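Please look over the following model with its chains and their interface in mind. A short report on it is given below the display.

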Amino acid sequence: MEFKLSVLDELKFHLQIAIQVELSTIPIYLYTYYSINRRPEKCDQYGPPNDYMIATFANKAGGTIMSVAIEEMLHMSLASNILRAVGGTPKIYGLSPQSFPTNLLEHRPGPLFDLAKLSVYQLNQFLLIEKPEAKDAPPESDNWDTLGQFYDYILTLVEKLQDSDFQHGDSYQLSDKKGSGTTGYYVSSNVDTIYPDNAVAFTKPIEKNNPIQPLESSAHYSNQDDSGNLMVINSKASAKAAITMIKDQGEGYNHDDTHKPDDPSKKEDSHWYKFNSLLTQSQNFTADEWNCFLFQFPNNPKRANTPAEYVCVVDLVNAVYSYLLKITEVSYTLTGNAQYAMFYIGMHKGMIFILDKLIGNMRYTAISPDGTVLAPTFENFPFQTDDPKQELLALCDTVSARYPGICDANIAQRIYDLPDVNIKYTPEGVAIVNF
Amino acid sequence: MSTSNIVYKELHVCMGLNACKGHDRLGINNCAGTGTCATAAEHSCHTLNDCRGQGGCGLYGDGDEQNNPGNNLCAWQGSCAVPINAERFSTEGDNRGQSVWLRARKVFEAKMDAAGRQYGPSPMPNGPTTAWLKTNYNSAFVACGASGMSGGGSCI
C-alpha cells in the first residue's frame, strides 16, 4: 500500500529540511569568517600600497561573510516561522551537520562543503551553495541542484493550501518586535558586517570637530535594512513573501539577470554576487600575502583528532554552539516576555560575547609545529543530563582553570548569565525563563 | 584617575551626561551635563549593561536601541559599550552613520529639558576620544567588534 503525505504534512517535512539546510551553511561560513584577521598587522611588511590593499581585502572578506551568515540565520528563522504557522515545531538542536565535509540535505550527490579557512577554493564552494537557478529550472523536492529550485518546490506546496492553514502559531514565531521590550530580534547591520572601503582610513587622524571621521565616511554597509526582516507568517502571501526573500537574498532578485541586487531597490547585493566579487579580488594576492591575514585553520577539524590537552576547549565551544541551537529551538515553544528573555538575551549574549570571544581567543593557540591553530569543530555536543546549563558551566570551569586566556572570568560570567533552557512552569502553566 | 573611594550618586554612561552637580565619575563637577566620565559600570558591548539607563550604543542592536544611548529600559537591553568613545557611529536606525555620543547628549538634553532642569556644556563638545579614554579613564579601554570600525579598537 502506498503511503501518501497530505500537502500540509509534505510542506512541514520540506520546511524542516529547509531549516537544516540553512543551519548547515552557518558553521561553514562562520568557520571561514573566524579564519580571517580583519585587522592584520603582519601584512604591514609588504609596505604601501600593497599592505593597505591586503588589509582592505581581509576586512571586506570578514564583513561580507558575516553579512551572509547573519542572513542565513534569518533564513533559518523564517523557515521556522512558516513551519510554526502551519502547526509544526522546528527542530534545531542536535541537527547541525555532525561532521565535515558535508553535502547539504537532499542536495544531489556530489558537492561536499568543508570547514576551511578563506581561499579561492573556499570562495568557489560558497558560490556553489548560493548558485542561482536557471530561468527554466524546474522545482525540485529532493536531489536538488540549486537551493532556489528546492524553495520553488516549497512554493508550489504553499500555493495548494489556504490562508487558514497558516494561522496556527503567530505568537510562537520569532519576529521583529517581541515581548514588552521595544527591541527587535533581527538586525541586518552591526559593527561586524561593515568594513572600510580602504583600510588606510585606520591610519588617518580623527577630525577634531567631527571625530566619527574618517572612519564613518569609509564605512561600507554589506546589508541594508530594507532587504529582509523577520516577518510573522499568517497567510499564504506572507509565506510566499518570506520564501521569495530567502531565495532573492541568496541568488539575486529573479528579474535581474546579473544576480547582483537582492531586491528591486538594488541597495544590497545577493550572497552569490558578494562572494563572486570577493573571488575576483582574491586573485590579486600571493600565497604569502594570504597568510599574513589568515589564522592557520585546519581543514575539517574534529574533536576526535584534537590533541588531548585541548579537547576540553573544543568541547566547551561545541557545547556553547549546541546550547545556542537549543535556545533557538526552545524559543519557538515560548511566547511574550518568556520568549524575549530566552531568545533576545540568550542569543545576543551567546553569539556576540561567548561563542565569538571563545573562538576569537582559541585561534591564537598553535597545536602543531607547522603552525596549525586550535579551531572550532562545530560538532553537536551531546548534553548528558536534563540540566545542560550546569554541564556548560562545568566545562567552562575546566577551561578557565587550564586556559584562562581562552575562557576568562568575563566569559565565564556571561555563560553563567545565559538563560536556562530547562524551562520551569508556574502552576498556571506560564513558562518562567531564568537568567 | 582613582575612583575607588567614590560612591556614585547617579549612574550614567559617559562624559557630559550627568544630571546634577557632583554626579560625575570624580564627584567634582559643578553642574549637570559637565561631568568628565561615566559612572555606570564599564562594559564592552551589547546586552552587558547592569540596569536601566546604563547601556551605551552604536555597534550592535536595532534602530530603537541605537537611537537611545543611555536610555535603555532595562538591564541587558543596552546597545553597546560604556563609555561611548567620540569616534563611534551608529550602524542601524535613524542615527545610522552619525555620532553615538552626540545622540546620547541629545537624549540627555531632552530629558533635562522635560524635567525643567538646567545643564552646562560637556567638557568635550563631541564626547571623549579613545585616546582621551585610554589616558584618563582606562588604558585598556576597547570598544567592540572585529572590524575596527568602532574607532575604539577590536575586542577579538
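The report takes up the interface, then one chain, then a single residue.

This is a predicted model, in which local features need pLDDT of at least 70 and side-chain atom pairs count only at pLDDT 80 or more, while totals for chains, interfaces and linings use all residues. Residues are numbered from 1 along each chain as its sequence is written, chains are lettered from A and ligands numbered from 1 in the order in which they are written, and side-chain values use heavy atoms, with hydrogens and water left out.

At the interface, 38 residues of chain B are in contact with 47 residues of chain A, contact meaning heavy atoms within 4.5 Å. No salt bridges are counted between chain B and chain A, a salt bridge being a side-chain nitrogen of Lys or Arg within 4 Å of a carboxyl oxygen of Asp or Glu.

The two areas are tabulated here; accessible areas come from the Shrake-Rupley method with a 1.4 Å probe, and for residues only the protein chains shown count as cover, whereas buried area is the accessible area (1.4 Å probe) that two parts lose on being put together, summed over both.

| Area | Value | Share from carbon and sulfur atoms |
|---|---|---|
| Buried between chain B and chain A | about 3400 Å² | 63% |
| Accessible surface of chain A | about 17000 Å² | 52% |

Within chain A, 60% of the 435 residues are buried, that is, under 20% relative accessible area (exposed is over 50%, partly exposed in between; 1.4 Å probe, protein chains only). Of the contacts in chain A with a separation of 6 or more, 75% join residues 24 or more positions apart.

His75(A) counts as buried because its relative accessibility is 2%. Beyond its neighbours within four places in sequence, His75(A) is in contact with Glu22(A), Ile246(A), Gln249(A) and His271(A).
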